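Please open the structure in a viewer and keep the sequence panel visible. The tour below proposes one selection at a time and states what is found there.

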Amino acid sequence: MATNTMTTRPLGTSGPRVSALGLGLMGMSDLYGPADEAESIATIHAALDAGVTLLDTGDFYGMGHNELLLRDALRGRNRDNAVISVKFGALRDAAGGWNGVDTRPIAIKNFLAYTLKRLGTDHVDVYRPARLDPNVPVEETVGALADLVKAGYVRHIGLSEVGASTLRRAAAVHPIADLQIEYSLISRGIEHDILPAARELGIGITAYGVLSRGLLSGHWSRERATVAGDFRGHLPRFAGDNLDRNLALVEALREVGQDKGASVAQIAVAWALAQGDDIVPLVGARTRARLEESLGALPVVLTETDLARIASAVPAGSVAGDRYDPHSMSALDSER
């Protein structure tokens, strides 16, 4: 993929400028079934060569594997060309299970020490708790992160999957660069109060799930079976009648894309980009081909007429099924 000029957007009023699209690395290590490590590294390289600077990982993605993968991908590259965003705090077990969240200050220092070693770097650009810890006031968590900023180990503080009131409490302690949260054509829960609060506070949005874990990619089908280790097999939106209804929305979106010379995925990403310059979509491409398709959304300009057609094809609230199986993911769900 040839190097090109990537447009940039700010991560809030206090954060860094980053590429208009970020690359989410989770699927290269966890939750979507087996991934090809060589292709994963080649995809990260292709993203960097295309001007993507925001690389998002978590210390619990593959229990450290994702950070080690990113370290390998950045070897021989200019570290300063990457804005590394790391989530911490989610507790796992050896079987891959989820055991809650820990954001005590002493735990944060421990998590960061291991992250810096795995990444082979002396700082993390954006560091954020993966979810709210019900046992630790957010002020205490952000205060501990502020100490790490002062010490130079962390450049900016982010949050993930929290509500408007938590945003306000956190921002009163230290500037928050961005909120990482699910936002897509079919997951629009932030629009009522979270997005307005973030804008009021000058907090950017890094939107994950813009393709709804592949549902809006245009490549999913009723016949496609999930493989071992792919958690989408347990998600309500991918099951039974819900899947049929949701794939009908995808086909309606495909018609809009055809008129624009764009794929379903490109229309979905372009829609997220069109929601405001303070929104940076994260695409979870695991291969160079999927990355190239997502990058193809950048030149897609959606007019008011296009946006109206998209709203008609995929009305707010039209998705069938919840985001998560509440029995398996409730401990890590957001306040929403």
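The stops run from the whole chain to the barrel, its helices, the cores and some individual loop residues.

**Before starting**

This is a predicted model, in which local features need pLDDT of at least 70, side-chain atom pairs count only at pLDDT 80 or more, and totals for chains, interfaces and linings use all residues. Residues are numbered from 1 along each chain as its sequence is written, and side-chain values use heavy atoms, with hydrogens and water left out.

**The whole chain**

Display the full chain as a cartoon. The chain has 11 helices and 12 strands; helices (H or I, at least four residues) and strands (E, at least two) are DSSP runs, numbered from the N terminus. Of its 336 residues, 57% count as buried, where buried means under 20% relative accessible area, exposed over 50%, and partly exposed in between (1.4 Å probe, protein chains only). Among contacts in the chain with a separation of 6 or more, 77% link residues 24 or more positions apart; a contact means heavy atoms within 4.5 Å.

**The barrel**

Which strands form the closed barrel? Select S3, S4, S5, S8, S9, S10, S11 and S12, which follow one another in that order as a closed barrel of 8 strands with parallel pairing. The twist from one strand to the next averages 30°; for such angles, axes are lines fitted to C-alpha atoms, for helices over the stretch in contact, and angles run from 0 to 180 degrees between N-to-C directions. Strands pair if DSSP finds at least two bridges between them.

Next, select strand S8 (residues 124-129), where 6 of 6 residues are buried. On one side, S8 pairs with S5 in the parallel sense over 4 bridges, and phenylalanine 88 stands opposite proline 129 in S8. S8 also runs parallel to S9, joined to it by 3 bridges; here valine 126 has histidine 156 of S9 as its bridge partner. Moving on, S9 and S10 pair in the parallel sense over 3 bridges, with leucine 159 opposite leucine 179 in S10.

**Helices H2 and H3**

Select helix H2, which packs on the sheet and touches S4 and strand S5 (83-88). The direction of H2 makes about 150° with that of S4. Add helix H3 (residues 105-119): its axis and that of H2 (residues 65-74) come within 8 Å and cross at roughly 35°. Glu67, Leu68, Leu70 and Arg71 of H2 meet Thr115, Lys117, Arg118 and Leu119 of H3 in this contact. These residues divide into 3 nonpolar, 1 polar and 4 charged; Ala, Val, Leu, Ile, Met, Phe, Trp, Tyr, Cys and Pro count as nonpolar, Asp, Glu, Lys and Arg as charged, and the others, Gly among them, as polar.

**Helix H5**

Turn to helix H5 (residues 164-171), whose buried residues are Ala164, Thr166, Leu167 and Ala170. Seen down the axis of H5, these fall within an arc of 160°, so they line one face of the helix; the arc is that of the directions from the helix axis to the C-beta atoms. The buried residues of H5 pack against helix H4 (138-151), strand S9 (154-160), strand S10 (178-182) and helix H6 (194-201).

**The nonpolar cores**

Show side chains for Leu23, Ile44, Leu55, Tyr127, Leu167 and Leu179, which touch the most other members of the largest nonpolar core, a group of 89 residues. Such a core is a set of buried Ala, Val, Leu, Ile, Met, Phe, Trp, Tyr and Cys residues joined through side-chain atoms within 4.5 Å. Helix H8 (residues 264-273) gives the most to this core, with 9 residues. Apart from it lies another core, of 8 residues, including Leu11, Val83, Val280 and Leu282. Now select H8 itself: 10 of its 10 residues are buried, so it is largely enclosed by the rest of the structure.

**Loop residues**

Is methionine 63 buried or partly exposed? Methionine 63, in the loop between strand S4 (54-58) and H2, counts as partly exposed at 44% relative accessibility. Glutamate 161, in the loop between S9 and H5, is buried at 1%. Methionine 63 has a positive phi of about 50° although it is not a glycine, and glutamate 161 likewise has a positive phi of about 50°. Most residues other than glycine have a negative phi.

Finish at serine 212, in the loop between strand S11 (204-208) and helix H7 (240-260). Serine 212 is buried, at 4% relative accessibility. Serine 212 and isoleucine 186 are 26 residues apart in sequence and 7.5 Å apart in space, C-alpha to C-alpha.
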